[in-house]
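Hi there,

Here is the structure I promised to send over. Have a look at it first, and then read on for what I found.

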Amino acid sequence: MALPPAHALGGSFFFLRLVSKSTIVCQDTFDARQFLHAVGRHRVTSTVLVPSMCEALLKEEEIGVYDLSSLRTIVAGGAFVSASLVERFEAKFKKRLVISYGLTEVPGVTLGSTKAKPGSAGRLPSAVDVRFVDADGRPLSLGEIGEIQFKRHWASSIYRPDDETPEGTESDDEWFSTGDIGYLDADRELFITGRLNELISVGGAKINPQEIVDVILRLGVRQCAVVGVPHSLLGEEAVACVDPGERAGITEEDVLAHCRANLEKRMVPSSVLFFEGLGKTELGKIKTEVLRQEVLRRRAAVVETDLI
């Protein structure tokens, strides 16, 4: 494993393996080729990855030279795992990707399984109290997409509201807001669709940037992120930030044309900016706020140049 034990997902995996008296093979830092080599050399049977690690593994072309036959369980989590990533990963490695969902505040709430439905983050145990609310905090019906909230007793004590609710009553303080968006189906399988604070408000419509990212990644670019920036008329506009990788010749119009063909009109980015690598945190998450500031900086530079 390459995830640090101090991370909620890495720590859960690490200590569960200690309890089961498993041999744990650790990497100081994640390197796709070293990881694949270690799986074959040590006959690794299970592992845990974050989405950026999955993407790095997908970039490795000669996977046939590695012996991955021992690997039975691959858990992915720690950040949003898109349907596109699952589809591409399973097609290349011929192994099921088990999605895990939890937070530092509410760890390990789903039971991930290789038998879970495509795109599902696993089954939510019946004992776990959960609800989904709209932008105004109103509870939604089963199957409707909204913000995920758990009863506060499922959250670690330091994250619970200080005020106690009288017994026999219920208030919004009874619920812990995750900031994640998703829905629960009739079989209590949980589907995550994005993050509330990453939604982009374009002309009053809420756009999920991850849906745009999924489409752009199908072009074979190395990385992509979509950020919202201020717009005088629409409130915000979506800008795609792309690291083309081996698709160095790809143009902005190539990306936009692909988006127009595969997305609703309102979800097509207003523009595309290219980068040599997208900055990430130590856990492999793209630093979207840093990207947003860079987009604004580039635009300001263009305006200043035009005025000279």
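Is β6 mostly covered or mostly open, and how many of its residues are buried? The strand is mostly covered, with 8 of its 10 residues buried. Please keep in mind as you read that this is a predicted model.

β6 has a partner in β5, and the two pair in the antiparallel sense over 5 bridges. If you would like a spot to find on screen, look for lysine 151, which stands opposite tryptophan 175 in β6.

β6 also pairs with β7, again in the antiparallel sense and over 5 bridges. Here aspartate 180 has arginine 195 in β7 as its bridge partner. The two strands form a hairpin, with 5 residues between them. In that turn, arginine 188 has a positive phi of about 60 degrees.

These strands come up again in the second largest pocket, which has a volume of about 570 Å³. Its lining is made of 25 residues, and those closest to the centre are Ile145, Ile181, Thr193, Asn208 and Glu211. Two or more lining residues come from each of β5 (146-151), β6 (175-184), β7 (190-195), β9 (205-207) and α5 (209-217).

What kinds of residues make up the lining of this pocket? They divide into 13 nonpolar, 6 polar and 6 charged.

Happy browsing, and do write back with any questions.

Best wishes

Key: Residues are numbered from 1 along each chain as its sequence is written. This is a predicted model: local features need pLDDT of at least 70, side-chain atom pairs count only at pLDDT 80 or more; totals for chains, interfaces and linings use all residues. Side-chain values use heavy atoms; hydrogens and water are left out. On a 1 Å grid over the protein atoms alone, a cavity is a set of points where a 1.4 Å probe fits but cannot get out, and a pocket is an open set with protein on both sides within 12 Å along at least five of seven lines; lining residues have an atom within 4 Å of a point. Grid points are joined across faces, edges and corners, and a volume is the space filled by probe spheres set on the points. Helices (H or I, at least four residues) and strands (E, at least two) are DSSP runs, numbered from the N terminus. Ala, Val, Leu, Ile, Met, Phe, Trp, Tyr, Cys and Pro count as nonpolar, Asp, Glu, Lys and Arg as charged, and the others, Gly among them, as polar. Buried means under 20% relative accessible area, exposed over 50%, partly exposed in between (1.4 Å probe, protein chains only). Two strands pair if DSSP finds at least two bridges between them.
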